[in-house]
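Reader: Please take a close look at a single part of this model, and set the scene with the chain as a whole before you turn to the part itself.

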Amino acid sequence: MEGGGVAANNESKTVSNITIKGMLSLLMESIDENHDGGKRVICLGIGDPTLTTCFHTTNIAEEAVIDAIQSHKFHGYAPPVGLLQARNAIAEYLSRDLPYQLSSDDVFITCGGTQAIDVSVAMLARPGANILLPRPGFPIYELSAAFREVEVRHYDLLPEKGWEVDLDAVEALANQNTVALVIINPGNPCGNVYSYHHLEKIAKTAKRLGTIVIADEVYGHLTFGANPFVPTGVFGSIVPVLTLGALSKRWIVPGWRLGWFVTNDPCGTFRKPKVVERIEKYFNLLGGPATFIQAAVPHIILQTDEVFYKKINENLRHASNICFKGIKDIPCIVCPYKPEGSMAMMVKLNLSLLEDISDDIDFCFKLAKEESVIIIPGTAVGLKDWLRIIFAADQSALEEGMKRIKYFCQRHARKWSKDYEI
């Protein structure tokens with residue numbers, strides 16, 4: 001799930017409402033135009049762990065897909081809401097962490113997490129509706145809301161509090177036309193993991209405001225800090241929750257494009273006939289993932305060994321530590337929160353320590369041109385003069401990338417600022 005809007009600057013050409021993938025393409029073009037062939041390109045801009053050598057999916061996942069194909073049973077169309085066996089497996093998987101049991105009727109298969117986002121916005125769209133989104137956040141929500149003519153209202157995440165939701169801002173922004181409060185946990189792009197207590201406060205706030213929660217949990221269970229992953233669906237008896245998830249990150253298969261849209265609603269709000277009918281009718285318009293991928297889901301989810309999950313999380317912990325330590329050694333960049341989950345982190349630029357760098361977009365384009373390192377400007381995820389760094393990468397690439405960023409900042413440091421030590 002990669003996307004989002006950015007402003008333009010004089011280095012990057014005129015761009016408006018460009019996706020993160022589009023921004024990456026522009027950054028790569030700037031390298032191609034100026035590259036002398038002396039440096040390998042280090043891309044820390046996109047959350048695709050398959051681009052590295054240290055993150056691989058499990059053999060069980062690959063074998064499950066091969067078995068599904070070779071069975072000759074899954075070459076036809078799947079039901080619009082998804083194969084029953086896949087929906088059952090996802091319901092069982094998610095129910096492990098819930099105080100109630102989900103059924104296949106609660107689960108709808110989507111073409112990746114991106115389609116799950118669009119479904120959630122489409123289901124809630126109505127004249128005059130608004131949706132509360134985190135800043136920084138994942139920009140596909142803004143793009144989907146714009147297509148659906150749903151007003152976006154941003155609430156801030158608080159870096160000094162581990163990127164927790166500013167609940168006072170949520171209360172101030174919401175009104176009778178608010179259809180949902182979106183949270184992303186574990187956090188993309190911040191690397192935060194919300195505590196049980198904070199999630200409970202979010203659920204109670206949403207209930208008080210008379211709205212539902214959309215819980216984006218694509219990075220669910222990818223945690224390596226003090227807070228364990230707690231699904232927001234735990235609080236489904238307090239407030240209805242739409243849970244969005246995917247195979248992509250935890251199983252390292254983003255290209256398989258299998259996600260889910262799940263109603264966590266033990267009180268039955270989403271089980272009303274008109275609501276169910278609306279969801280099912282909308283899924284009749286959609287094309288889900290390949291049938292053989294859906295058929296492989298039960299084996300993938302239910303048979304993957306715990307050792308695989310622990311290894312992925314340990315690799316992410318190690319990678320995040322490399323980035324965090326590297327950033328601490330660069331005076332003009334500050335990381336206010338050490339990542340505890342997902343694959344991304346946000347760092348703050350101190351432009352007063354740099355000369356001839358106008359903003360975060362300018363920083364990223366010049367870094368790409370001069371050092372062949374790709375990171376995403378914070379503007380793309382809603383936070384100007386910050387940077388998003390993906391740390392799901394090989395150790396050598398991360399260490400070299402941090403070194404080049406430091407060289408770049410030294411080269412552009414103001415003359416009156418303290419010299420960097422390399």
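Author: The largest pocket in its setting

Of the contacts (heavy atoms within 4.5 Å) in the protein chain with a separation of 6 or more, 73% are made by residues 24 or more positions apart. The model is predicted, with local features needing pLDDT of at least 70 and side-chain atom pairs 80 or more, whereas totals for chains, interfaces and linings use all residues. Residues are numbered from 1 along each chain, and side-chain values use heavy atoms, without hydrogens or water.

The protein chain contains 12 helices and 14 strands (DSSP runs of at least four residues, H or I, and at least two, E, numbered from the N terminus), and its C-alpha trace spans about 70 × 55 × 40 Å along the principal axes.

The largest pocket (an open set of 1 Å grid points with protein on both sides within 12 Å along at least five of seven lines, for a 1.4 Å probe) has a volume of about 380 Å³, counted as space filled by probe spheres. Its lining, meaning residues with an atom within 4 Å of a point, comprises 18 residues, and Met123, Leu124, Ile212, Phe270 and Val275 are the closest to the centre. At least two lining residues come from each of helix H4 (112-124), strand S6 (178-184) and helix H8 (273-283), with H8 contributing the most, four residues. By class, this lining holds 10 nonpolar residues, four polar and four charged (Asp, Glu, Lys and Arg).

For reference, the second largest pocket holds about 250 Å³, and Cys43, Leu51, Thr52, Ala393 and Ala397 lie nearest its centre among 15 lining residues.
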